[in-house]
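Student: Please take a close look at one part of this model, the enclosed spaces inside it. I would like to know what surrounds them and how the surrounding parts are arranged.

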Amino acid sequence: MADRSFLSWPFFEDRHREHAERLEAWCAANLPVDHSDVDAACRRLVAALGDAGFLTPSAIDPADPQPLDVRTLCITRETLARHDGLADFAFAMQGLGTGAISLFGTPEQRQWLEKTRAGKAISAFALSEPRSGSDVANMEMTATRDGDDYVLSGEKTWISNGGIADLYCVFARTGEAPGAKGISAFVVPADTPGLKVAERLEVIAPHPLARLSFDDVRVPASSMIGRPGEGFRIAMSVLDVFRSTVGAAAMGFARRALDETVARVGNRELFGAPLFDLQMVQGHVADMALDVDAAALLVYRAAWTKDAGAARVTREAAMAKLYATDRAQAVIDKAVQLHGGDGVRRGHIVESLYREIRALRIYEGASDVQKVVIARQTMGAAS
Ligand SMILES: Cc1cc2nc3c(=O)[nH]c(=O)nc-3n(C[C@H](O)[C@H](O)[C@H](O)COP(=O)(O)OP(=O)(O)OC[C@H]3O[C@@H](n4cnc5c(N)ncnc54)[C@H](O)[C@@H]3O)c2cc1C
């Protein structure tokens, strides 16, 4: 049983603890799922999470709009990741893909949220392009006004849920100003003519992922989220909410690696005694436990700060994401080491954790970019 003593920290309220209990029981009964067909598995996971009511925190309730609760998002991701990386992915994308609508959408756009929160529609977040990943403000995709419509042309890549999504939140250049101030956000239903999956992408921890082409994709002007030229600000606001949750998922993977390691070194007999009796092994276990707890403090500090009403948590979220993902990588690497040959055997849980963790240090702002953010915020605070 994973250490869940963090739930008694003062960051949380009883409703968070109750949510964690309910979700833990659901996970124990339903996860992990078979990953051999990731499209089918994700569709089933979204439907099952929706049926069980666990997608409701992923977006605001259009009938009673309250701010997103970042602590609930983090607890959900941490718990799901500890049981099954694909389940965490399925949950996370329902939030990231609709984040712009939750934060800035019109009542008409928010009708999508009834479906995504119920697991009846799948969402995706389409920001990255082949020549602008970290350098988002340099995006090339255009959205040109034509009467009552906008016409979108260009490419998006690395789009999670690409190919299975029902709606895409798409960022494109509308040209009000050069760079970041000339980008707008749009809701684009997947069946809009001209929107195609150009390529499916395979990665080390498979999930639905695609490069998309937009060939004169026409959407009504009412599809724009926020105002013209606000897209970059909207994207950053969405990432401000969801970045800490990437740290939470990393922590879920790390906690699972720690649990597996504790069981392993307690049971494995070497040199006539449990592996745990070796002091160097105890040192590794101590490092792993310390990394997990320190990451948890940063993640839940960021989540609590946002929930307590901070307009932005750029510094806190960047610290949480950077530290939790980097340290989770180190924790999982130690787990692989302490499992010996089993640690690299295909299909072993720590082998899958080793693959699952890597992309988290790249997407939603690479680790190096988070360092730049933290340094700038620190210099800004000092001046
Ligand atoms: C599995 C996966 C899922 C993804 N899902 C989505 C999605 O759903 N939607 C979406 O829009 N995008 C998604 N992405 C894209 C992701 O956000 C980008 O890959 C990421 O922003 C990095 O962009 P890039 O790949 O173009 O790398 P580049 O921008 O070329 O950067 C390469 C490396 O350069 C370094 N670097 C970059 N900038 C700096 C800097 N300022 N200072 C120091 N070093 C720097 C970093 O080490 C970085 O990893 C996903 C990516 C992956 C791998």
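Tutor: Ser58, Leu73, Arg77, Phe91, Ala92, Gly95, Phe242 and Thr245 form the lining of the second largest cavity. The model is a predicted one, and the volume of this cavity comes to about 30 Å³. Sorted by class, its lining holds 4 nonpolar, 3 polar and 1 charged residues.

Three helices each provide at least two of these lining residues: α3, which spans 70-83, α4, which spans 85-96, and α7. The largest share belongs to α4, with 3 residues.

The other space to look at is the largest cavity, which holds about 40 Å³. Around it stand Ala250, Met251, Ala254, Asp291, Val292, Ala295, Ala324, Arg327, Ala328 and Val331. Two or more lining residues come from each of α7 (231-267), α8 (279-307) and α9 (314-338). Of these, α9 gives the most, namely 4 residues. This lining is made up of 8 nonpolar and 2 charged residues, with no polar ones. Helix α7 thus appears in both accounts: it supplies at least two residues to the lining of the second largest cavity, and two or more to that of the largest. When the whole structure is searched for cavities of 30 Å³ or more, 2 are found.

Back to α3, one of the helices around the second largest cavity. This helix also packs against α1, residues 14-30, with the two axes 10 Å apart and an angle of about 25 degrees between them. Because angles under 35 degrees count as roughly parallel, α1 is described as roughly parallel to α3. The crossing of α1 past α3 is right-handed.

Which residues meet where these two helices touch? On the α1 side they are Arg15, His16, His19, Ala20, Leu23, Glu24, Trp26, Cys27 and Ala28. On the α3 side they are Arg71, Thr72, Ile75, Thr76, Thr79, Leu80, Arg82 and His83. By class, the contact contains 7 nonpolar, 6 polar and 4 charged residues.

To put the part together: α3 helps to line the second largest cavity, and α3 also packs with α1. The lining of that cavity includes Leu73 and Arg77, while the contact with α1 uses other positions of α3, among them Thr72, Ile75, Thr76 and Thr79.

Terms used: Residues are numbered from 1 along each chain as its sequence is written. This is a predicted model: local features need pLDDT of at least 70, side-chain atom pairs count only at pLDDT 80 or more; totals for chains, interfaces and linings use all residues. Side-chain values use heavy atoms; hydrogens and water are left out. On a 1 Å grid over the protein atoms alone, a cavity is a set of points where a 1.4 Å probe fits but cannot get out, and a pocket is an open set with protein on both sides within 12 Å along at least five of seven lines; lining residues have an atom within 4 Å of a point. Grid points are joined across faces, edges and corners, and a volume is the space filled by probe spheres set on the points. Ala, Val, Leu, Ile, Met, Phe, Trp, Tyr, Cys and Pro count as nonpolar, Asp, Glu, Lys and Arg as charged, and the others, Gly among them, as polar. Axes are lines fitted to C-alpha atoms, for helices over the stretch in contact, and angles run from 0 to 180 degrees between N-to-C directions. Angles under 35 degrees count as roughly parallel, over 145 as roughly antiparallel, 65 to 115 as roughly perpendicular and the rest as oblique. A crossing is left-handed if the near helix is turned anticlockwise from the far one by less than a right angle, and right-handed if clockwise. Contact means heavy atoms within 4.5 Å.
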